[in-house]
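Trainee: I would like to learn how to read domains and a ligand site in a model. Please take me through one.

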Amino acid sequence: MKKIQMVDLQGQYAKIKDVVDPSIQEVMDSAAFINGPKVHQFQKNLEDYLGVKHVIPCANGTDALQIAMMGLGLKPGDEVITADFTFAATVEVIALLQLTPVLVDVDPITFNIDVEAIEKAITPKTKAIVPVHLFGLAADMDAIMDLAKKHNLYVIEDNAQGIGADYLHSDGTKTKTGAIGHVASTSFFPSKNLGCYGDGGAIFTNDDNLAHTIRGIVNHGMYKRYHHDVVGVNSRLDSIQAAVLDAKLPHLDTYNEARRNAARKYSEAFKDHPKITVPTGRTACEGICGTCDCHVFHQYTLNLKDVDRDALVAHLQEQNIPCGVYYPIPLHLQKAYADERYNEEDFKVTNQLVQSVISLPMHTELDDEQIEFITTTVLNFIDGNS
Ligand SMILES: *Cc1c(COP(=O)(O)O)cnc(C)c1O
């Protein structure tokens with residue numbers, strides 16, 4: 001059996017080397033390292049793929065979130081609502097811009113931001129909501145957009161884990177995640193579903209004016225060379241990364257399908273077990289996850305009941321099966337973001353999930369033998385056979 005990895009970037013690269021290498025070589029030969037034609041080409045291709053009017057590439061997913069918030073003109077003291085159960089980047093940029101983060105609980109089944117909790121947290125100071133399509137599953141965007149409209153708020157989708165996912169609207173139509181809110185961010189960190197070979201990110205919007213503002217912000221606030229109209233940042237996607245991404249983009253749907261296939265096999269083995277809850281799609285989608293395309297499985301995450309999760313993690317490690325706990329600490333309890341405004345009663349779900357979730361290896365190169373070994377090892381441990 002091939003060595004099991006949490007993410008197998010070497011295996012994936014070996015299969016596309018013949019496309020990626022010449023694409024990188026082109027950049028080397030042209031020496032157009034910054035803002036070269038490859039960046040433009042990738043931007044256009046991603047706009048077409050997502051069905052979004054503007055893609056503005058930038059240096060990483062954290063910058064993308066920050067720049068989106070700067071572009072919307074959010075001001076110190078404005079409240080921004082986001083999920084308590086996610087990667088820290090989301091709340092980090094809110095705090096960096098001296099906006100006020102308002103963390104709210106998540107849904108116990110989808111792990112995504114709880115729409116009722118958002119509604120309860122809205123005050124006259126609230127300016128924006130940041131839903132995260134956590135682990136690759138689209139958040140409840142229809143409900144979030146309705147709420148935002150009602151209260152005149154911006155919606156910034158954090159699509160770092162969801163690229164390629166479809167959101168199924170209640171009227172049966174589909175939109176790619178990242179093309180629904182007023183603006184969205186994504187990351188091309190190597191292990192993301194569309195990853196480059198270094199750092200990279202992008203901002204998406206359908207709003208022409210906002211796109212123009214953001215194009216200036218990523219480039220030192222310049223709209224005309226050496227005229228600095230607003231305070232900006234330096235945040236660029238370099239041409240070599242764009243070359244990698246442009247070579248990988250045509251494979252994104254196949255990659256996401258490979259992830260869904262692996263998820264289907266995992267879920268087949270674990271479903272109906274009284275101590276295991278497998279990932280589920282939104283109720284709008286049919287059946288267990290893996291049968292709909294609203295989930296692109298950035299992570300495959302189980303929720304355990306009456307299982308010593310940390311002992312399972314140790315056991316898997318002994319068996320050379322890598323796994324992860326995303327995320328082990330609720331953001332509202334992180335030292336940097338703790339605040340006496342928060343009430344533990346309001347975070348029942350996150351406080352539970354941090355103790356009971358476990359993410360199994362998930363990538364495009366998993367084979368049946370590996371999946372079989374992983375599921376058997378997990379089940380044997382939980383059923384007390386090992
Ligand atoms: C990875 C990630 C980010 C940050 O992306 P970087 O490119 O690493 O800065 C932001 N939000 C979420 C949900 C992520 O998973």
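Trainee: How far apart are the centres of domain 1 and domain 2?

Mentor: Domain bounds come from an automatic or database domain assignment. In this predicted model, the centres, taken over C-alpha atoms, are separated by 24 Å. Domain 1 covers 9-250 and domain 2 covers 252-384. Their contact (heavy atoms within 4.5 Å) takes 51 residues from domain 1 and 37 residues from domain 2.

Trainee: What should I keep in mind about numbering and confidence?

Mentor: Residues are numbered from 1 along each chain as its sequence is written, and side-chain values use heavy atoms, without hydrogens and water. Local features need pLDDT of at least 70 and side-chain atom pairs 80 or more, while totals for chains, interfaces and linings use all residues.

Trainee: Which side chains have polar atoms beside the ligand?

Mentor: A polar contact is a pair of N or O atoms within 3.5 Å. Asp-158 places a polar side-chain atom 2.8 Å from a ligand nitrogen, and Gln-161 places one 2.8 Å from a ligand oxygen. For Lys-192, a side-chain N or O atom is 2.9 Å from an oxygen of the ligand. The protein buries 91% of the 380 Å² that the ligand exposes when taken alone (Shrake-Rupley method, 1.4 Å probe).

Trainee: How does the shell around the ligand divide?

Mentor: Nonpolar residues number four, polar six and charged two; Gly counts as polar, and Asp, Glu, Lys and Arg as charged.

Notes
A polar contact is a pair of N or O atoms within 3.5 Å; within protein, one must be able to donate a hydrogen and the other to accept it, and residues adjacent in sequence count only if both atoms are side-chain atoms.
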